[in-house]
Amino acid sequence: MVNVFRDRNYRIAIAIDFGTARSGYAYIFMEDKDAKEPSFRNKWPHTNEFYPKTLTEILFNPDGIVEAWGHNAKKRFTQLRETQEEKDYIFIDNFKTLLHEGKDRDDDGPYIMREGKKFSILNLIAEFLKLVKETALEDIAEGLGGEGLLDESEIRWCLTVPAVWTDESKQIMRRAAQEAGLIGEGTEEAERLLLVLEPEAAAVHCQQVMLGRNESAPLVGGKTIMIVDAGGGTVDITVHEVVKDRGLDELIPPGGGLHGSKYVDQSFREFLDRKLSAEAMNEFQSEWPVEYAKLMGETWESIKCGYDADSNWRTSIELPRKLEKILKDKYPQILEQLANAQGGDDTVIRLTNKDMEAIFKPIVDELIARIREQFTALQRKCDILFLVGGFAESPLLKKRIREEFKGKVEKIVIPDRPGAAVLLGAASFGVNPGVIIARRSRLTYGKGCAAPFQNGIDPEEKRIPKELLSRVYQQEEDRDYCDGRFDIFVAAGDRVPTDAIVKRKYQIIPNQTEIETTFLSTSNPKVRYTDEEGVSEIASVEIRLPFEAKENTKKYIEVEMQFGLSEVVAYAIDPISGNRERCNFRFACNY
């Protein structure tokens with residue numbers, strides 16, 4: 001096997017965990033990889049909390065330039081509102097999920113409209129990554145004793161992505177990283193960035209946690225571990241076998257979906273719509289966005305994270321004054337109904353255990369169902385289930401998972417700082433990416449080609465007569481060929497070692513000076529033809545072929561694809577000149 005993690009003089013691995021609600025960075029020097037836990041910023045500006053991530057929020061001024069970000073974005077917007085200077089300032093949050101969910105798209109992928117202005121999700125992510133990058137490099141430089149002591153070429157960047165994301169979304173993240181200045185253009189620069197699957201990063205961290213507790217026995221070779229990474233937007237679930245002295249081998253394709261804590265927030269909003277009317281809530285959100293954000297952010301977040309599903313649990317939320325005024329002026333009957341339901345009190349919104357169960361239930365039920373699906377696919381018990389991610393701090397979620405799966409798993413482990421597991425694991429992965437030794441392919445990948453015609457199997461309309469081929473290739477051909485065959489490089493569900501490289505060689509026209517190679521994918525593991533339903537063109541690359549083949553010899557192009565990484569990488573190669581072009585994947589919007 002060829003080592004896909006090329007040997008370069010990296011000095012440091014810096015990970016950025018870009019999350020739906022929160023983002024942060026961690027780093028570790030290569031020389032410290034066996035001795036230290038990654039370093040990270042545990043106290044971000046404009047907040048009193050100690051947490052390894054800041055808020056994934058950004059505020060633009062009227063000229064479209066970043067005014068504030070992180071914890072300061074909402075605070076600055078509040079200040080502008082108080083002095084009535086907020087006109088044409090635009091506050092944006094929750095934009096990561098739009099990469100996967102966004103329905104409005106153009107050539108650069110999904111976008112959103114705010115106050116009549118168009119914001120590309122790619123550009124929003126790039127802006128935010130650039131700010132995190134600058135903060136990370138400043139902190140690292142300070143630790144080293146000054147700027148200029150760390151060269152960009154010495155940095156391996158690690159950027160986290162959900163396992164359930166499509167290859168299109170992953171590729172947009174890579175382009176955003178380039179725009180943010182994490183890497184430059186070209187093949188050499190592209191290799192300085194690793195996209196790290198979030199549950200795999202968590203798995204690496206959980207291994208280290210167990211070893212740090214001197215609990216290495218549960219992680220001996222042959223043990224099976226399941227990682228449930230419950231974040232703000234997505235829930236990713238992977239299952240690995242521990243391979244002694246080697247690393248982690250993925251046993252089944254990853255599962256999960258859009259069942260993160262953000263959707264509990266949406267369910268709470270639906271509860272408020274039923275309680276106070278959607279019209280009043282929409283008006284409150286539109287007219288008083290900062291006050292609305294405080295209700296749905298600080299106030300609700302505190303209640304959500306503290307809810308323990310006790311049958312006697314109850315609390316009250318003070319009705320925001322601006323919302324109360326809207327109700328008094330335009331919807332007095334709503335306040336009357338609220339008072340009747342709450343013993344005459346119309347100044348608060350009361351929440352009972354029954355209310356909270358209804359708010360949490362649809363999301364947690366879906367999350368539990370996705371875990372069940374992974375156990376069904378695994379077809380055996382699991383030794384350890386690790387629950388990580390910000391949502392993992394929910395007492396209700398912990399309780400449900402323990403109740404549902406105590407008979408299917410020997411041990412359920414929730415590490416300290418579960419919200420930091422992905423961040424710390426991604427940095428550790430950066431200094432030892434070979435710790436994941438194999439993955440399962442989500443899709444079937446390959447390219448179109450002409451293959452020997454099989455009578456009785458291939459349709460006649462796809463037959464290419466040998467006489468025609470002989471004229472085109474200027475070589476005598478002894479058989480007919482079938483046009484439009486799908487040459488499978490790897491099939492959906494296949495186990496693919498991370499150091500695996502698949503190579504193919506295709507004959508081309510002798511005097512051809514350039515060629516475009518197109519790559520395909522489908523969910524069908526047994527696809528035969530390129531025009532079958534579900535086959536998509538996912539990428540293409542052009543390569544120059546400056547030299548002719550020797551007289552009376554066939555001319556070929558070579559194609560190389562790497563599947564064991566967290567993203568698909570492909571090259572087209574001219575074996576005569578040695579030209580090697582990395583493919584820039586541009587996925588279709590419906591991919």
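**Exercise 1. How much area do domain 1 and domain 2 bury between them, and what share of it is on carbon and sulfur atoms?**

Solution. Note that the model is predicted.
- Step 1: Locate the parts. The domain assignment puts domain 1 at 12-197 and domain 2 at 442-587.
- Step 2: Place them. Their centres, taken over C-alpha atoms, lie 37 Å apart.
- Step 3: Read the area. The two domains bury about 1,200 Å² between them. Carbon and sulfur atoms carry 43% of it.
- Step 4: Find the main contributors on domain 1. D167, Q171 and T187 supply 40% of the area that domain 1 buries against domain 2. No other three residues supply more.

**Exercise 2. Count the residues in contact, then the salt bridges and polar contacts.**

Solution.
- Step 1: Apply the contact cut-off, heavy atoms within 4.5 Å. Domain 1 gives 17 residues and domain 2 gives 11 residues.
- Step 2: Look for salt bridges. The count between the domains is 0.
- Step 3: Look for polar contacts. There is 1 residue pair, with both residues at pLDDT 80 or more.

**Exercise 3. Describe the side of domain 1 that touches domain 2.**

Solution.
- Step 1: List the elements. α4 (167-179), α5 (187-190) and β12 (193-197) each supply at least two residues.
- Step 2: Rank them. α4 gives the most, with 6 residues.
- Step 3: Sort by chemistry. This side of domain 1 has 7 nonpolar, 3 polar and 7 charged residues.
- Step 4: Set this beside Exercise 2. Domain 1 brings 7 charged residues to this side, yet the salt-bridge count between the domains is 0.

Terms used
Residues are numbered from 1 along each chain as its sequence is written. This is a predicted model: local features need pLDDT of at least 70, side-chain atom pairs count only at pLDDT 80 or more; totals for chains, interfaces and linings use all residues. Side-chain values use heavy atoms; hydrogens and water are left out. Domain bounds come from an automatic or database domain assignment. Buried area is the accessible area (1.4 Å probe) that two parts lose on being put together, summed over both. A salt bridge is a side-chain nitrogen of Lys or Arg within 4 Å of a carboxyl oxygen of Asp or Glu. A polar contact is a pair of N or O atoms within 3.5 Å; within protein, one must be able to donate a hydrogen and the other to accept it, and residues adjacent in sequence count only if both atoms are side-chain atoms. Helices (H or I, at least four residues) and strands (E, at least two) are DSSP runs, numbered from the N terminus. Ala, Val, Leu, Ile, Met, Phe, Trp, Tyr, Cys and Pro count as nonpolar, Asp, Glu, Lys and Arg as charged, and the others, Gly among them, as polar.
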